[in-house]
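Reader: I'm new to this one and would like to go through it step by step. Could you show it to me first?

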Amino acid sequence: MSTRPVGEIVAACEEIFEDLSFAKAREWKAAVPGRKVIGYMPVYVPREIVHAAGMLPLGILGGGADMEVIHGDAFYQSYICRIPRSTIEMAINGKLDFVDGMMFPSICDVIRNLSGIWKLLFKEKYVRYFDAPQNFRAEVGGVFYANEMRELRDGLAKLGGREITDDDIRRSIAVYNENRRWVNRVYDFRADFPWKAPSAEVYLLMRAGMVLPPGEHTALMREYLAAAEAANRPMRDNCRVVLTGAFCEQPPLSLIKSLEMSGCYIVDDDLLLVSRWLLTDVPTEGDPIGNLSRAFLLHSAETAAKYEPDIARKGSYLIDSVRKRKADGVIFAAPSFCDPALLDKPMIISRIEPLGIPYIHIQYAENSSQMQPIREQSGTFADSIKLWSAS
Amino acid sequence: MSRQEVVKSLSQVKQKEMIGRNYDRITGGTVKVSSTFVPGNLNELLMCFDIANNLPEINAIQNAMRKKSGEMIAEAERSGHSEDVCTYVKADIGMMAKGNIAPNGKPFPDPDVLLLSYTGCFTFMKWFELLREQYKCPTVMLHVPYAADGEPTKNMRDYIVKQLKEDVIPVLEKVSGVKFDIDRLREYLRKSAIAENDLVWMLESSKHKPSPVDCYFGGVYYMGPIFTAFRGTDEAIEYYKLLRAEIEERIAQGLCAQSPDGDIPEENYRLVVEGPPNWTSFRDFWRMFSEAGAVVVASSYTKVGGVYDYDGFRHDPDHPLETLADYCLGVYTNRNLPTRVDMLARNIVEYDADGLLVNSIKSCNSFSAGQLVMMREIEKITGKPGAFIETDLVDPRYFSAANVKNRLESYFQMIDQKRRAGGSAAASGA
Amino acid sequence: MRTFIGIDLGSTTTKSVLIDENLAVLGSGITNSRSNYDVAARVSKQEAKIAARFTLFRNALGKDAEHLLADLERNFRLEQFLSALRQLEETCMGYLDHPRFQGTKASLRRALESVFRKIEVEAQVIYAPGAARKSDFFRDIAGSRFMNLAEAASREADIPFETMLNIYDKSIIDVESLVDPDETVASQMRSGLARSLASAEGVGVDRAEALSALGKVLAVELEETYVVGTGYGRVRLPFPKEQIRSEILCHGLGAHRMFPGTRTVLDIGGQDTKGIQIDGNGIVTSFQMNDRCAAGCGRYLGYIADEMQIGLHELGPIAMKATRVPRINSTCTVFAGAELRDRLALGEKREDILAGLHRAIMLRAISIISRSGGVTNEFTFTGGVAKNEAAVRELHKLLKENYGDMTVNISPDSIYTGALGGANFALRAVVH
């Protein structure tokens, strides 16, 4: 369909990624009077409902590697991670002035309390703390969650001044089903041909999906896959790793690049999970909210922010991913001061260690600039894996 | 008053006995034991199953006050835990590694059930997942949604009640072998409410001038029974009756609040404090206040195990499961920031305090994330100055006495200066 | 006359400011804090009194005396130096009675004598008109001269250099703890004036008038009506509690006295960074300090200077030569060294890295200011880092970017801000 070479597609994605004023989302909003934009923080929110309201769900993932934070530090002590302080900085500097509402998923206490800060500082905005269930029984957590989604639907309906029908939601479910299929295709393609789809590119492609309307993003992924398949890129003698722990505060792009440069192909990760959180298509027939709820309860990804009721299944999501993606090892990449990731890690390690899955641990902040130590560590890791598999 | 003259009051003696007996009960090996958390603890419910209630935060506090927590945290960090994360968790894990000895010198038994009351603190979830790894015992999660919009919703309440009915109670029945009797629960809840009335009276006694009690350092002791294993017992009722009589006597005598070394001679400052205390240097920390004549007339920490004064909550025997849900939803750290701001600002006004002091705790994001904004908002609302200090719960590495003292002194002097501000214009000349 | 003194005991220097009943600053003094705050307080207080006498002398003689005063001050410093040098010599000689010097006593005495005679001669040069001194502290000047001369002297006398150093090290501590009594100071001033009047033709002041004025000035009793201590060492001062004030309050009031229009004060000292908001009367309305890590305070620059093996005062001028300012994220002192070496290894220019580091520090400082309530009006920058031109440049940039154009005050006397505030508190304590 398109003739753009892969570099051009990636460059377009990078432009979206680097634009902290969200020009694309502003354009979308300005194109039709009355349009609304709803920001959301990492991990997972049911974007289908926002989309069904005719609004644009906009991923807010912190200020990235280059933004100087001044006022954000006035809000947070030094022992708190970086993403909330750069997010506040953006809000104070007017970068989010066009955002009509914000959704804060239940990741941890820091993001939870950020919802309160928003309420205190931006009283005119729609603020929704979105508590996902930690009870996974349909009649208990399922009912609670469905009702929370209904509250969200009604809140957005009020904000948008129009009703959101079940049919609206069903249509949006279909749009996101399609989007998720292409996301998974990109991930599958990268796992099969990691040299053809470098992780930095895949990441930028997925980041574009945090800003673009889902249909546009789907088209972009199709275009990228076609171009990447056609591109002639050399295969390198890299090991294959799964990156985990980076589900909230984003690692700098240079970190992702550094890992691959040092000899580790990332064949799976937990970055930008929102686009892959639901593991199956959501049915487009029947009660749409009930369907979204069931998909969450029964077919969703795992992170440290989600309770695992079954001790035997702890870590199984990562182990399945290692197996499915034929990974050689795991890189734990946790943001500094990230309670969920750091507290979860010892448990996950205790599951993968007996299976002989090698791993390393690195810590970062979204603005980490020193990549040399990380390259050294991951390079050594890659070398040791290669030596080990050769012997 | 010199240190030797400090005698324990009847209520203090009683509380000591109660705590001692509870540790003996937990370590005695004759009853089933549950581990659970202070915020959102379901003591009355556990009592219905004759299950003893062991609270890991309290153990961490006990270890910190005995100067043992530093080594325990180091032990946990050696075993792979990050320096960045909650030190309650690490003190608990380190304690297990070091033989899990209770304050009475006997080893803690492995818990029979982990009741994960996931209330107002994300870390609770990881903490009990970690304990489950160790004990491999039945673990039941009670997910208490965050009251993000200020008021708990019907959906939240229904969700909790359903979890109680369908998950928590069946597991406790199975673990204990005792059938659930809702009338027994009602009886305990009735007793809870009686003690809670006296507790609220105590909290509000600090409106007196001088305040007869310190509601932070002293408050920690007064909260003990209601926050831990005694809510719903006759002992708690008796304790709060004794305490009330003692405070009434102090008011009659016009006494100031107490310090670790006896009665404070003069009340110079009345403060509202946000955030938990530091436990590793608890007494030194307290003395920094008491020696300046600073009394804490209200604090948010005395609300972590339940908020009884702000909106008048009492356990309600007529709606036993619903009232447990409301209790959990209402604990301080499950309240949103605007509500916390309102609560503290009202405290400052109603208790005629000089201002808000925030003790920001490194370990506790649930409390700490957002405190700087809260402070500014409260300053705006009340017109009273705030101050900010930083310490940790049980990690001795994060208590810098000189640093804390410096800020406190500055704060007290700032209050002095503001009080004199009327006359300062003339003095300053220029 | 009644005077009111504020003493600011910092981690590196101790400062005193002396004011009169009319809030006029009569004098200020500074000394190195040593490891003895008590001595440092007494020395700096005496220095402030000396300065006060100079002020009184100037007031008595009027404008025409500027030239004489400059000359007098120089000659007085010379007298002071010579007097301290004599004390040092006596103390050194005193140590020779120790049994372990029995065999070498005579040659040591000769060697020391020759060194001190040479320093005495050099002193005339060190304090010659127009001569630049790196430091005014006796320890620094005498120490460096002694080191230079003792090596040769020990070689000539065939005694170990180490021994001479040991004797010096012991003695300088004793001498530093001595505070000249007022009478000694008075005689030094008289001798100084005699020198000035003898050597300088055309000082433009009548000799008799000058001598009489000095006599009157020296006769004035500078009564220490009230003394207030502040700064990091304040708790160790031998003061009653009510004479101690927090340095935050003193800084606020001191800055107000220097710049009455200021509402925001940033102080970056060795140990911490403070953001202070004050009202129109100099009363602190809110304050914030850096948290437990040293990131962004003066000490951080010290680490960097050590790491680069250059002097602290050279950092700013080097950073000013930068052509680009790279983004440096770690203001953590622990990581700063590693990041620095890394960047140097990657071929980045030293001046650019330093410029980046200065920006990083000032970013932290502006965050603390933001935390304390932002910048509302005139801004005053104090503390040792305020002398660093690269830091000041970044401050200007950041203030403009975040708060727009505004007045930024930096006083050449900014180091005395806390002591000045203390002196004003001392006055208030008595006047009220």
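Author: Sure. Let's start with a term: a salt bridge here is a side-chain nitrogen of Lys or Arg within 4 Å of a carboxyl oxygen of Asp or Glu. Keep in mind that this is a predicted model.

Reader: Which residue of chain A forms a salt bridge with B:Glu166?

Author: We need a nitrogen from Lys or Arg within 4 Å of a carboxyl oxygen, and Glu supplies such an oxygen. For B:Glu166 the closest N and O atoms are 3.4 Å apart, and the partner is A:Arg137.

Reader: How many salt bridges are there between chain A and chain B?

Author: The pair B:Glu166 and A:Arg137 is a salt bridge between these chains. Polar contacts are counted too, and they come to 34 residue pairs across the interface of chain A and chain B. For salt bridges, the count between chain A and chain B is six.

Reader: What area is buried between chain A and chain B?

Author: On the contact side, 58 residues of chain A touch 55 residues of chain B. In chain A, the residues losing the most area to chain B are A:Tyr79, A:Tyr307 and A:Leu343, together 15% of what that side buries. Carbon and sulfur atoms give 57% of the buried area, and the whole comes to about 4,700 Å².

Reader: Now chain C and chain B: which residues form a salt bridge there?

Author: Across this interface the rule finds one salt bridge. Its closest N and O atoms are 3.9 Å apart, which falls within the 4 Å cut-off. The two residues are C:Arg371 and B:Glu390.

Reader: Which element gives the most to the side of chain C that touches chain B?

Author: That side includes at least two residues from each of helix H8 (247-258), strand S7 (284-289), helix H12 (350-372) and helix H14 (417-431) of chain C. The one that gives the most supplies six residues, and that is S7(C).

Reader: What area do chain C and chain B bury between them?

Author: Here 30 residues of chain C are in contact with 26 residues of chain B. Carbon and sulfur atoms hold 49% of the buried area, which is about 2,400 Å².

Reader: And within chain B, which side chain is joined to that of B:Glu77 by a polar contact?

Author: B:Glu77 sits in helix H4 (residues 69-78) of chain B. Setting aside neighbours within four places in sequence, B:Glu77 is in contact with B:Ser82, B:Glu83, B:Lys90 and B:Arg397. The polar contact between side chains is 2.8 Å, and the partner is B:Arg397.

How values were computed. Residues numbered from 1 in each chain as written. Chains lettered and ligands numbered in written order. Predicted model: local features only at pLDDT ≥ 70, side-chain atom pairs only at ≥ 80, totals over all residues. Heavy atoms only, no water. Contact = heavy atoms within 4.5 Å. Buried area = accessible area lost by both parts, 1.4 Å probe. Helix = DSSP H or I, 4+ residues; strand = E, 2+ residues; numbered from the N terminus. Polar contact = N/O pair within 3.5 Å; in protein donor to acceptor, adjacent residues only side chain to side chain.
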